[in-house]
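Please walk me through this model in my viewer, stop by stop. Tell me what to select next and what I will find there.

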Amino acid sequence: MLKQEHKEYLTEVVASDFVIDAAFLWLCKKRQDWSPNNDVWNLRINWNTIKPAIQQTLLSGTYRFDALQEITTNHEVIELWSARDALVLKAISIVLGEHLKSNISDRCYHFKGNGGAKLAVKEAKMAMNSTSHLMKSDIKGYYANIDHAILFDQLQKLIDDNKILALLRGYLKRVVYCGYYKVVRKGISLGCSLSPLMGAIYLSQLDQAMQKLNVFYARFMDDWIIIAPTKWKLRKAINLTNQLLVKLKLKQHPDKTYIGKASKGVDFLGFHITPYITEIAALSIIRMKHNIVRLYEQNTSIERIGQYFKNWSKWFNILVVNDFMLSLGMALQLAVTYKKELMNQLVVSSNVRG
């Protein structure tokens, strides 16, 4: 935790040259390929005058977030912050990430420095044996269902800086334009740099509770797995989990919850793990094929399709595709083959109905 000398110390750190410049560099890289009409280019061109204005309003406590723009992409609804607001939120996330890291469990693997998804999968497999029992689950609509009052109460206990708290309140209770203006009173913003930290904080009570039990526990955002040596200990952990979720006004996703023997294996973070092997989950392969078909049908450049397949392959360590044309060829072959499979399924389904 950052050493706090007075109540506005965090605000001063957020507004410092070092943090603001780091946030600016992040924003420039993040939006380097965005439309020429996006406001990030005005911010970059006029940075020498915009930067001190941002710092002054942060220090005076008068900074206010603009209305967000709601965008639907790939079947997801994303709230787009202005370039200036995205920069300020990144600056806040940099400072609070350091300030709150001692309050984040090392079992929360998506938090920076805690190892990430692959370490969570590796340690979950190591915790399994043929007689252990497990529960794997996630939250139904996690970001969209985070209660503002509960999260803000958690933040007030961790942050003693009223200006930062005011900014966090504005981040939560935001105005979104989607053809008309609406005030969002529930949920946090998808695609915002601050949201992963808020997601870590909100379920921190679950992290702390599981660490007190004699079970293995790992969480990546709202996906978690509990592995217990006996059915009785797993049942105790499940009961405690259910009590905490009710308190946080959250619900488990019924289609993504599994309770059973570890020997049967379970899908977790894109992998299928058992006490004996770790392999790519069947659903991950289906999603990959679906994404390639979608890119193919949207007339996406062949370079981008090939790069997607190469990155996907690298992530799962199933092969190393150093030759770009080989990667591209495999991706297109998968797209065509999977498209034929889908068409055949539709024909069979149509014949059955006929």
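Start by selecting Phe-24 and Trp-47, both of which are buried. Keep in mind that this is a predicted model. Show the two side chains as sticks and look at the rings: their centres are 4.1 Å apart and their planes meet at 10°, so this pair is stacked, since planes under 30 degrees apart count as stacked. Now colour by secondary structure. Phe-24 belongs to helix 2 (residues 17-30) and Trp-47 to helix 4 (residues 47-60), so the pair ties together parts that are 23 residues apart in sequence.

For a contrasting view, go to Tyr-177 and Tyr-181. Their ring centres are 4.8 Å apart with planes at 50°, so this pair is tilted. Turn on the surface here: Tyr-177 is partly exposed, at a relative accessible area of 36%, while Tyr-181 counts as exposed at 61%.

Next, select Tyr-63, Phe-65, Trp-81 and Tyr-171 together; ring pairs link these residues into a cluster. The count of aromatic pairs comes to 10.

Two more rings are worth a stop, this time for the charges over them. Select Lys-118 with Trp-315: the lysine lies over the face of the ring, 4.5 Å from the ring centre. Then pick Arg-169 and Phe-152, where the charged end of the arginine sits over the phenylalanine ring at 4.0 Å from its centre.

Return to helix 2 and select the whole element. Its 14 residues reach 20 Å from the first C-alpha to the last, close to the 20 Å expected at 1.5 Å a residue. Which residues of helix 2 are buried? They are Val-19, Ile-20, Ala-23, Phe-24, Leu-27 and Cys-28. Show their surroundings and you will see the buried residues of helix 2 packing against helix 1 (9-14), helix 3 (40-45), helix 4 and helix 5 (83-99).

Now move on to helix 6 (residues 116-127). This helix has 12 residues and reaches 17 Å between its first and last C-alpha, close to the 16 Å expected. Highlight Gly-116, Ala-117, Ala-120, Val-121 and Ala-124, the buried residues of helix 6. Their packing partners include strand 6 (216-220), strand 7 (223-228) and helix 13 (302-316). Strand 9 (266-268), strand 10 (271-273) and strand 11 (278-280) are also among those partners.

With the surface still on, look for the largest pocket, which holds about 1,500 Å³ of space. To find its centre, select Glu-76, Asp-138, Asp-222, Asp-223 and Lys-256, which lie nearest to it among the 43 lining residues. Strand 2 (76-80), strand 3 (133-138), strand 9, helix 12 (282-297) and helix 13 each give two or more residues to the lining.

One small stop remains before you zoom out: Ser-204, found in helix 10 (residues 204-211). Is Ser-204 buried or exposed? With a relative accessible area of 12%, Ser-204 is buried. Beyond its neighbours within four places in sequence, this serine is in contact with Asn-103 and Arg-219.

Finally, show the whole chain as a cartoon. There are 14 helices and 11 strands to follow. Buried residues make up 46% of the 354 residues. Among contacts with a separation of 6 or more, residues 24 or more positions apart account for 67%.

Conventions: Residues numbered from 1 in each chain as written. Predicted model: local features only at pLDDT ≥ 70, side-chain atom pairs only at ≥ 80, totals over all residues. Heavy atoms only, no water. Phe/Tyr/Trp six-rings, centres within 6.5 Å; stacked < 30°, edge-to-face > 60°. Helix = DSSP H or I, 4+ residues; strand = E, 2+ residues; numbered from the N terminus. Buried < 20%, exposed > 50% of the residue type's maximum accessible area, 1.4 Å probe, protein only. Lys NZ or Arg CZ within 6 Å of the ring centre and 35° of its normal. Expected span 1.5 Å × (residues − 1). Contact = heavy atoms within 4.5 Å. 1 Å grid on protein atoms, 1.4 Å probe; cavity = no way out; pocket = protein on both sides within 12 Å on 5 of 7 lines; lining within 4 Å. Points joined across faces, edges and corners; volume = space filled by probe spheres on them.
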